[in-house]
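The following report describes selected strands, their pairing and their surroundings. Please consult the sequence and the model while reading.

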Protein chains: 2
Amino acid sequence: MALDAGRIERDALEILDQLCRLPSVSAEGRELPETANEVEKLLAAAGFETRQLEVDGGPPAVWAEQRGGSEFTLLLYNHYDVQPVDPLELWDSPPFEPTVRDGKLYARGSADNKAELAVRLAVVRALLDEDGRLPITIRWIVEGEEEVGSPHFEQIVRANVDLLRADACLWEGGSALLPDGRPEVGLGFKGALFVKLAVRLLATDAHSSIAVVAPSAAWRLVEALASLRTADGRARIGGFYDAVREPTEAERRAVAEQSGSDEEELREVLGIDSFLDGLTGTALRERASFAPTCNIAGLTSGYAGPGVKTVLPAEAHALMDFRLVPDQTPEEVFELLQAHLRREGFDDVEVTVLDSAHVGATPFDHPFVRRVVRVAEAIAGAPASICPLAPPTLPIIDPLQRHAGVPGVAAPDNPVYAGCRAHAPNEHVRLEDVGPAVRFTYALLRDLADGE
Amino acid sequence: MALDAGRIERDALEILDQLCRLPSVSAEGRELPETANEVEKLLAAAGFETRQLEVDGGPPAVWAEQRGGSEFTLLLYNHYDVQPVDPLELWDSPPFEPTVRDGKLYARGSADNKAELAVRLAVVRALLDEDGRLPITIRWIVEGEEEVGSPHFEQIVRANVDLLRADACLWEGGSALLPDGRPEVGLGFKGALFVKLAVRLLATDAHSSIAVVAPSAAWRLVEALASLRTADGRARIGGFYDAVREPTEAERRAVAEQSGSDEEELREVLGIDSFLDGLTGTALRERASFAPTCNIAGLTSGYAGPGVKTVLPAEAHALMDFRLVPDQTPEEVFELLQAHLRREGFDDVEVTVLDSAHVGATPFDHPFVRRVVRVAEAIAGAPASICPLAPPTLPIIDPLQRHAGVPGVAAPDNPVYAGCRAHAPNEHVRLEDVGPAVRFTYALLRDLADGE
C-alpha cells in the first residue's frame, strides 16, 4: 500500500489538538494523572499493551509495548508534561485552546513535546492499518516530569529495567526539516545543575529607611551572584572549566558541517541584533555545542507589585541553572560553587540543589546512529545535520543508557523549528513541518525491520 | 473639668478600629475615596468644616477647619492610606480585621498612621465636650498617598495654599513614650529618591540553554547593581557623598543625648545579632541620622513560581530607594546615578524616577519647636529625645514649608514604638502607648492657646 502522508498528518494534528487541551503543567502539578490516562487510552486503542509506571512523589509514566514482525525492539521516549504558561498576558490565544493561525498551531506543549508523540502515534496507526501489525517491536515510555528535570525518571527506569530494554531508543527528537532542507540528528545533550541561592538576613521585611543600619539580603545576593561571573561573561567559579574536555575532531567536523541557516530566525525570535561576542556560523555553533553556561533563571526579592514599596527585604532568592559539557558533572560543579561562595565569604548564601542531570550522548560510530542518519538522508534527499551535543538537557538519557543499556538518538521525527517558542509565550508548531516528520518516522520503522 | 484620659483613649481605640477596617492601600488604589469619605464624615461630625481637595490622578485629600478660642492656628497632617499587605501569609490575623491580642491592636495601617489620627480626633472631641469649642484654630489635612510617596501632595498644597496656612504644623509624629520614659520630638526627615532600573535584552523569555549564546538581562542587572556599591556597603556612585554636609554641633549633641534603649527591641524585631559594622549607641544613631542609603527594595527577573523553570529571562527589574541627607537633592543623585551607569558601560540599563522628596527639617531654635519640647517634657516628666533628621522620608514637609510657609514638628502624639512593624506583616499598636499620646496632645492644644 502506498504511503498516504497527508492522511497521517491530519491524524497527527487531531491527536495533537486533543493532547494540547490538557494543561499538564508539571511544575504546578496540573492534571498530570488525567493526561497520563488520556495518553494511555490513545496507546491502548492503537493496540498497545499499556501500564502506568509509578513511584512515590511523581506523576505516573505511561508505558506501552506492541510486538511487531521482526527482531528489532525500538524504545520511544516522550513526555506528556509541559512548561508553565506565565506570563499569561503575552499569549495571543489561550495556551490550552489549540489555535491554528497562519499555518501554525499555537498551544503550550505543542512543540515541546506533544507534536512528536502525535506524529509517532499517527504513523503507528497507519502502519497497523496497512499491515495489520507493526514492522518492529515498539516499547514506549511517556513521562510526566520532563519539564521539571525528570526527577523520578531514573527511579522509574531502575524499577522497570526489563520493560525498557531495547536495541535503541528515539529520544525527544530534532527538527524533521531544517530551513536548508536537511534533517537534524542529535547524538547527545548537555548535562545540567539547577540550584537555588537563598539569603535571609532579617526575620521580617522592614521599612527601607532601616537599610542605613541593617543588612540587606538583596545586596548580599547581588554581590554573591556578581562574584560568580567575569566581566566577559564566563563563570568565575574556581575550577569550573577544569573538567571541560576539548571536542574530538569528529565532533568539530560535525558542528562545522551543521546547517546554520536558522541563526537569523533565532535572532529575530529573540529580538537581538547579534549573539554573544558577535559570534556567527561555525564559531557560534561551537560555542553553543561545547561551552557550559551559568544562567540566572529567576531573581526574587522584596516588592514586585505596582507602584513604590519602601521595603528592606528580609530575603532574596536566585534560581540558577548550569548547562554542563563533557566531562563536567553536576556533583562536581555543585561542590565548586559551594567552595567558591565559602572562599569569597558568602557563608550567608544558602545553596540548594533543585535538580541535576549528567551529560548524555551516543557515539558517532554506533550502528543505530548510522542507520538513522542513512534513513533521514534518504527521505530528505540531503545530508543530515548532526549535533554531537545539543545545548539543552535531556536527563532521561543517562538512566536509559546506564540502567537499561539503551543507546539513543534525537531523530528528525519531531515537527519543530528554531522559532517554535518552546518554554515561552505563543509556543507553536508549523503545520508544514508535520509531513517531513511523518515521512521519516514511517521510513525508519519500516527500515528497522530489515537486518542491516 | 479634669482630664479623663481613659475615656479619650477608649474613644481613640474605637475610631482606630473603625479606620483600620478600610483597606486603603494606596499602591493598589484600594478603597481610597471610600476611606476619604469616612474620614471626612468623622471630622464633620466633630464640628469641622470639611472639603475634599482633589487633583487629577490622585485620590482626594480630606481638609477640615474648626475655629477656636485663640489666635493660634495649628495644622495637623495625617494620611489615611496604608502599605500593601503582602506577604499576606505572614500575618497572624487578617490585616483589615483589627484584632487585639496581648495588649496590642493588630491591623495594617494601625501604627502607620491611623492611630495618630484617632488620638488627635479623640482629643478634639474631648476638648469640645469640655469647653464647647476648641482652644485654638485647627486645620487638618489627611491625604491618601503617603505610602506611595505623596506624588500629588505638592500640587494639592500649591492649589490650596490659603486653606493650609498656619502658625505651625504637627506632621506625622514620633513615639509618645520611648522605653526610657522620654517623649520623642522629630525636627526633620531624610529626603528620598525612588528609581526603577530596567534591563530588557530579549523580545521574549527563552529556553535557558540559549544562555550559551544570547545576552542575559538578569546578569546585566546584577552587574549594574553590583557596580553601585562597594564591598563595605557604601554607595559607589561617583559624587554621591560630595553634597553630604557635616552635622552641626547642636545636631550631634541632640543625637548623642537621644534615648537609645530601643536598640535591642529593634534587633529582636529584625532578628539580627548586631547592626551594620557592629554599631551601637551614639555611633549607631549618628549613622542612622546622618548617613544616606542606597537600598534595593525589589528584584524581579524570570521565574518566581514553584519548582524549576529553565528560562533565560527577557527582562530584569530592580526597585531602588535612596534616603538623602542635607544637602543632597534627589535631582542631583539621579543625575549622578545616570552618569555612573553611563560611565560604567551600562547603557542598556534604563533608569526611571518613580518618586522623590527633598530633605525637610525645622531648625532647633524655632519657637514652636521649643514649645512642643517644653509641653512634652512637662507631660512626660523627662527630657525629650530630639531627632534632628529621622531616617524615613516625609515628602509632605518640603511643600508645606515652601508653599504655605508652615514649619512643623513630629510631636509625641503618636502611639507607636520601634517594634510596631510598620510596612511589614503583623503591624500593630501597643494599647499602653495610647494614653501618653492622648495626654500630650491634650496638653499641647491647651498650651498653644496661651501666648508664649
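In this predicted model, three strands of chain A make up an open sheet in the order β4-β5-β19, with antiparallel pairing. Strands β4 (99–101) and β19 (428–430) of chain A occupy the edges, and each has a single partner strand, so one side of each is left without a neighbour in the sheet. On average, neighbouring strands of this sheet are turned by 25 degrees against each other, direction ignored. Strand β5 (residues 104–106) of chain A is joined to β19(A) by 3 bridges, and A:Lys104 has A:Arg430 in β19(A) as its bridge partner. Helix α3 (residues 110–131) of chain A lies across β5 and β19 of chain A, at about 50 degrees to β19(A).

A second region of chain A centres on strand β10 (residues 191–200). Of the 10 residues of β10(A), 7 are buried, so this strand is largely enclosed by the rest of the structure. Strand β10(A) is joined by 10 bridges to strand β14 (residues 315–324) of chain A, where A:Glu315 stands opposite A:Arg200. Strand β10(A) also runs antiparallel to strand β15 (residues 349–357) of chain A, with 8 bridges between the two; here A:Ala198 faces A:Glu350 as its opposite residue.

In chain B, strand β14 (residues 315–324) is mostly covered, with 8 of its 10 residues buried. Its antiparallel pairing with strand β10 (residues 191–200) of chain B extends over 10 bridges, and B:Ala318 in β14(B) is the bridge partner of B:Leu197. Strand β12 (residues 295–302) of chain B likewise runs antiparallel to β14(B), through 6 bridges, and B:Gly298 is matched there with B:Leu319 as bridge partner.

The antiparallel pairings described above are listed here.

| Strand pair | Bridges |
|---|---|
| β5(A) and β19(A) | 3 bridges |
| β10(A) and β14(A) | 10 bridges |
| β10(A) and β15(A) | 8 bridges |
| β10(B) and β14(B) | 10 bridges |
| β12(B) and β14(B) | 6 bridges |

Which residues have the most contacts inside the largest nonpolar core? They are A:Leu221 and B:Leu221, in a core of 315 residues. In soluble globular proteins, nonpolar side chains tend to be buried together. Leaving aside neighbours within four places in sequence, A:Leu221 is in contact with A:Leu197, A:Val199, A:Ser301, A:Ala316, A:Ala318 and A:Val349. Among these contacts, A:Leu197 and A:Val199 fall within the residue range 191–200 of β10(A), while A:Ala316 and A:Ala318 fall within the range 315–324 of β14(A).

Note on methods: Residues are numbered from 1 along each chain as its sequence is written. Chains are lettered from A and ligands numbered from 1 in the order in which they are written. This is a predicted model: local features need pLDDT of at least 70, side-chain atom pairs count only at pLDDT 80 or more; totals for chains, interfaces and linings use all residues. A residue is buried if 20 or more other C-beta atoms lie within 10 Å of its own, exposed if 12 or fewer, and partly exposed in between; C-beta atoms are placed from the backbone. Helices (H or I, at least four residues) and strands (E, at least two) are DSSP runs, numbered from the N terminus. Two strands pair if DSSP finds at least two bridges between them. A nonpolar core is a set of buried Ala, Val, Leu, Ile, Met, Phe, Trp, Tyr and Cys residues joined through C-beta atoms within 7 Å. Two residues are in contact if their C-beta atoms, placed from the backbone, lie within 7 Å. Axes are lines fitted to C-alpha atoms, for helices over the stretch in contact, and angles run from 0 to 180 degrees between N-to-C directions.
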